[in-house]
Amino acid sequence: MLERHQCGGRPRWEEDIKRDGVVYSDTSTPDGGVISYWVEHAYYQVTERDTDELAAACNELTAMLIEAGDYIIENNLFSKLGIPSFAVPAIRKTWEDDDPYFYWPSVYGRMDLRWGNDPALVAKDPTLAYPKLLEYNADTPTCFVESTGAQWNWLAANPHVDGDQWNNAYEALVEAWKRNVKLYCERRKTTVDIIHFVHSVGEPSGEDRMNTALVAAAAEEAGFRVKMQYIEEVQLERDPGEFGWLDSSTVAPIGRVLDEDGEPMRLVFKLYPWEWMLHEEFGPAALWNMVQPDGTTWVEPPYKLMWSSKGILPVLWELFGDDPVRSRYLLPAYFEGEEPPGFRDNCVRKPLFGREGANVEVIQDGKVVASKGGPYGTEGYVLQQFAELPVFDGHGGPYHALTGVWMIDNEAAGLCFRESVGPITDNLSFFVPHVIKG
């Protein structure tokens with residue numbers, strides 16, 4: 001069962017986590033202070049049976065998401081999910097799995113869950129016994145560095161803690177690169193000389209850079225050459241020549257997508273969300289480019305927009321809310337304006353596309369009890385039933401615990417925990433290692 005424990009730490013843990021890639025632990029607070037995102041002196045404890053149940057739940061949720069994707073496409077629900085019409089052809093194309101020529105690699109995501117099967121907690125709230133999907137970070141999840149090597153090294157080097165971890169996400173990612181690139185090459189009758197990895201120069205903490213570097217390291221271990229650069233340095237060839245194409249309704253004539261050195265980019269991993277790319281100059285061009293025989297393939301593919309939009313939550317509830325088994329993994333959710341009477345009095349209002357809790361409101365008894373500002377929400381909102389995260393005591397707490405499960409190649413492969421003082425898991429949350437015992 002899920003428990004939180006205090007423990008001793010490593011003598012030079014600040015140096016250790018930076019060496020492991022968590023160079024972004026120091027976090028500035030609104031009052032001018034600095035806190036550590038990494039928690040060295042506590043851990044969450046689970047059992048092997050817990051991890052088996054979490055894996056089964058998330059694998060089942062993946063099957064549900066696939067059905068939901070079919071439903072969205074069949075019923076043309078893209079606008080409700082905040083997806084612009086010019087992105088729909090690429091989403092439809094990359095969703096297909098029977099094209100003899102194309103293959104669209106997809107390697108990872110992270111499900112964030114409400115779960116806490118401590119008997120005392122379940123006695124107060126039986127719904128905590130089953131993991132419930134809060135959202136799926138299907139396109140550009142971070143905290144991969146701390147979820148893999150950093151927390152494993154914490155366990156291996158900490159004399160105050162013993163046990164195991166559910167922590168094979170990195171190894172699974174190596175195999176995911178091997179399998180996906182092999183299929184990509186077989187379908188397209190080509191070879192991959194190099195995989196590009198891009199992230200934004202606008203993220204100053206180093207979090208995007210280190211997460212991208214670790215995903216690139218997995219690809220390199222899988223046997224591929226890799227090249228990292230900023231996405232802002234991606235170029236569009238303006239003189240397409242014989243290679244070029246034109247879709248005058250959406251983009252100007254363009255040719256190949258080029259890297260910072262002017263070399264063509266054939267296969268690109270991006271730690272940069274599709275919903276941001278769509279609103280930039282090269283976004284529509286990249287979508288149209290991607291579905292051409294000689295275009296640039298982006299990882300993750302455009303269809304992940306359907307899953308990373310919070311609009312997937314009401315779609316899942318519409319499809320499975322009456323299913324006595326599958327509904328236990330969901331919280332009731334509706335598109336704003338379509339909720340039943342009284343639902344808005346106790347809910348969480350979430351923007352269709354948002355990050356780190358920005359623009360989220362927690363509403364109880366008709367009043368906003370917690371909120372966070374931010375730049376999101378213009379595409380619309382969903383309302384998800386309010387259900388408090390499990391709360392645990394601890395130094396500086398109490399803490400609301402959020403469970404994360406890594407999905408590698410659409411299979412559950414690892415566990416992570418973040419916690420927050422308030423009910424919204426935001427950019428002031430903490431990463432806490434875990435241990436398996438029993």
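Strands here are DSSP runs of E, at least two residues in length, numbered from the N terminus. In this predicted model, one such run is β7, which spans residues 195–199 and includes H196.

So how does H196 sit in its surroundings, buried or exposed? With a relative accessible area of just 1%, H196 is buried, since the cut-off for that label is under 20%. Its side chain is not without a polar partner, though: the side chain of H196 makes a polar contact with the side chain of D259, at 2.9 Å. D259 also turns up in the wider list of residues touching H196. Setting aside neighbours within four places in sequence, that list runs K227, Q229, D259, P264, M265, L267, V268 and F269.

Elsewhere in the chain, 5 strands come together as an open sheet, and their order is β13-β17-β14-β15-β16. The pairing throughout is antiparallel. Which strands stand at the edges? Those are β13 (333–335) and β16 (367–371); each has a single partner strand, so one side of each is left without a neighbour in the sheet. On average, neighbouring strands of this sheet are turned by 25° against each other, direction ignored.

Further inside that order, β14 (residues 347–351) and β17 (residues 381–385) pair in the antiparallel sense over 5 bridges. Within this pair, C347 stands opposite Q385 of β17. A helix joins the picture here too: α11, made up of residues 312–320, lies across β13, β14 and β17. Relative to β13, helix α11 runs at about 120°.

Conventions: Residues are numbered from 1 along each chain as its sequence is written. This is a predicted model: local features need pLDDT of at least 70, side-chain atom pairs count only at pLDDT 80 or more; totals for chains, interfaces and linings use all residues. Side-chain values use heavy atoms; hydrogens and water are left out. Helices (H or I, at least four residues) and strands (E, at least two) are DSSP runs, numbered from the N terminus. Buried means under 20% relative accessible area, exposed over 50%, partly exposed in between (1.4 Å probe, protein chains only). A polar contact is a pair of N or O atoms within 3.5 Å; within protein, one must be able to donate a hydrogen and the other to accept it, and residues adjacent in sequence count only if both atoms are side-chain atoms. Contact means heavy atoms within 4.5 Å. Two strands pair if DSSP finds at least two bridges between them. Axes are lines fitted to C-alpha atoms, for helices over the stretch in contact, and angles run from 0 to 180 degrees between N-to-C directions.
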